[in-house]
Amino acid sequence: IADAQLAATSASNKGGAQIAFMNPGGVRADLVPAGDGSVTYGQIFSVQPFGNSLVVKTMTGAQIKALLEQQFNSGSNTTSAPKVLLPSNGFSYTYNLSQPAGSRISNMSLNGTAMTDGTSYRVTMNSFLATGGDNFTVFNQGTDTLGGDQDVDALEAYIKANSPLTPPATDRITVVP
């Protein structure tokens, strides 16, 4: 889903996004193709039934790190019940829950290049997250906001353009035990 959102917003006239995040609570069903590999719009809608629009904002590397820290230390997001954001292809990071709050996120990179605190990045999220949903209030700090397509339409377009889909890389998030 995050890859679909990035694809829908990466063009400069759609926001110029470099990274996208999806909240796990926004994914409401598994997407299971039929025997012939087809997927219906109804199935896609079952996965994302909320009618959220996509939003692109400018955020600094420091803000993205603070955002990722909120997975474990913000409202109901705790180390024992984290809400881990699902990142798009090209973005990776490491987290270590044995570190103190504020120091759990490290090794953030975009397309293999280390991210820096002061650099600005264009980030896509759904409209629920864009206003601080799921206790991810750092999204509110983003600037240069641009609204976009509906999330379900972005997923449909992505599936059409990339079928058959392959499972996403598993190296986007590294967990240090």
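**Close-up views of a predicted model**

**View 1. A salt bridge inside one helix.** Helix α5 (residues 151-162) holds both Glu156 and Lys160, which sit four residues apart, about one turn of the helix. This is a predicted model, and in it the two side chains form a salt bridge, with 3.6 Å between the closest N and O atoms. Which of the partners is exposed? Lys160 is, with a relative accessible area of 65%. Glu156 comes out as partly exposed, at 23%.

**View 2. Lys14 and Asp149 link distant parts of the chain.** Here Lys14 and Asp149 make a salt bridge, and their closest N and O atoms are 3.4 Å apart. The two residues are 135 residues apart: Lys14 belongs to the loop between α1 (2-9) and β1 (19-22), while Asp149 is part of strand β10 (residues 143-150). Lys14 is partly exposed, with a relative accessible area of 35%. Asp149 is partly exposed too, at 32% relative accessibility.

**View 3. Lys83 pairs with Asp134.** Look for the salt bridge between these two, where the closest N and O atoms lie 3.8 Å apart. Again, distant parts of the chain are linked: Lys83 is in the loop between β4 (77-78) and β5 (86-87), and Asp134 is in the loop between α4 (127-130) and β10, 51 residues apart. Is Asp134 buried or exposed? At 19% relative accessibility, Asp134 counts as buried, because the cut-off for that label is under 20%. Lys83, with a relative accessible area of 24%, is partly exposed. The salt bridge count for the model comes to four.

**View 4. Arg172 and its surroundings.** Arg172 sits in the loop between α5 and β11 (173-175). With a relative accessible area of 11%, Arg172 is buried. What does its side chain reach? One polar contact, at 2.9 Å, goes to the side chain of Asp3. The Arg172 side chain also reaches the backbone oxygen of Pro87, at 2.9 Å. Leaving aside residues up to four places away in sequence, Arg172 touches Asp3, Pro87, Ser88, Asn89, Phe91, Ser92 and Tyr93.

**View 5. The largest pocket.** This pocket has a volume of about 620 Å³. How many residues line the largest pocket? There are 24, and those closest to the centre are Ile1, Ala2, Asp3, Thr166 and Pro168. Asp3 is also the residue whose side chain makes a polar contact with Arg172 in the previous view. Elements that each supply at least two lining residues are α1, β5 and α5. Sorted by class, the lining has 18 nonpolar, three polar and three charged residues.

**View 6. The second largest pocket.** The space in this pocket is about 220 Å³. Its lining is made of 13 residues, and Gly37, Val39, Ile159, Ser163 and Leu165 lie nearest the centre. Both α2 (41-47) and α5 supply at least two residues of this lining. Which element gives the largest share of the lining of the second largest pocket? That is α5, with three residues. By class, the lining of this pocket has eight nonpolar, three polar and two charged residues.

**View 7. A cis peptide bond at Pro164.** Ser163, which we just met among the residues nearest the centre of the second largest pocket, is joined to Pro164 by a cis peptide bond. The omega angle of this bond is about -5 degrees. Pro164 is found in the loop between α5 and β11, and Arg172 from View 4 lies in the loop between α5 and β11 as well.

**View 8. Asn107 and Asn111 with positive phi.** Asn107 is not a glycine, yet its phi is positive, about 55 degrees. Asn111 likewise has a positive phi of about 55 degrees without being a glycine. Where do they lie? Asn107 is in strand β7 (residues 105-110), whereas Asn111 is in the loop between β7 and β8 (113-114). Asn107 is exposed, with a relative accessible area of 58%. Asn111, at 61% relative accessibility, also counts as exposed.

Notes:
Residues are numbered from 1 along each chain as its sequence is written. This is a predicted model: local features need pLDDT of at least 70, side-chain atom pairs count only at pLDDT 80 or more; totals for chains, interfaces and linings use all residues. Side-chain values use heavy atoms; hydrogens and water are left out. Buried means under 20% relative accessible area, exposed over 50%, partly exposed in between (1.4 Å probe, protein chains only). A polar contact is a pair of N or O atoms within 3.5 Å; within protein, one must be able to donate a hydrogen and the other to accept it, and residues adjacent in sequence count only if both atoms are side-chain atoms. Contact means heavy atoms within 4.5 Å. On a 1 Å grid over the protein atoms alone, a cavity is a set of points where a 1.4 Å probe fits but cannot get out, and a pocket is an open set with protein on both sides within 12 Å along at least five of seven lines; lining residues have an atom within 4 Å of a point. Grid points are joined across faces, edges and corners, and a volume is the space filled by probe spheres set on the points. Ala, Val, Leu, Ile, Met, Phe, Trp, Tyr, Cys and Pro count as nonpolar, Asp, Glu, Lys and Arg as charged, and the others, Gly among them, as polar.
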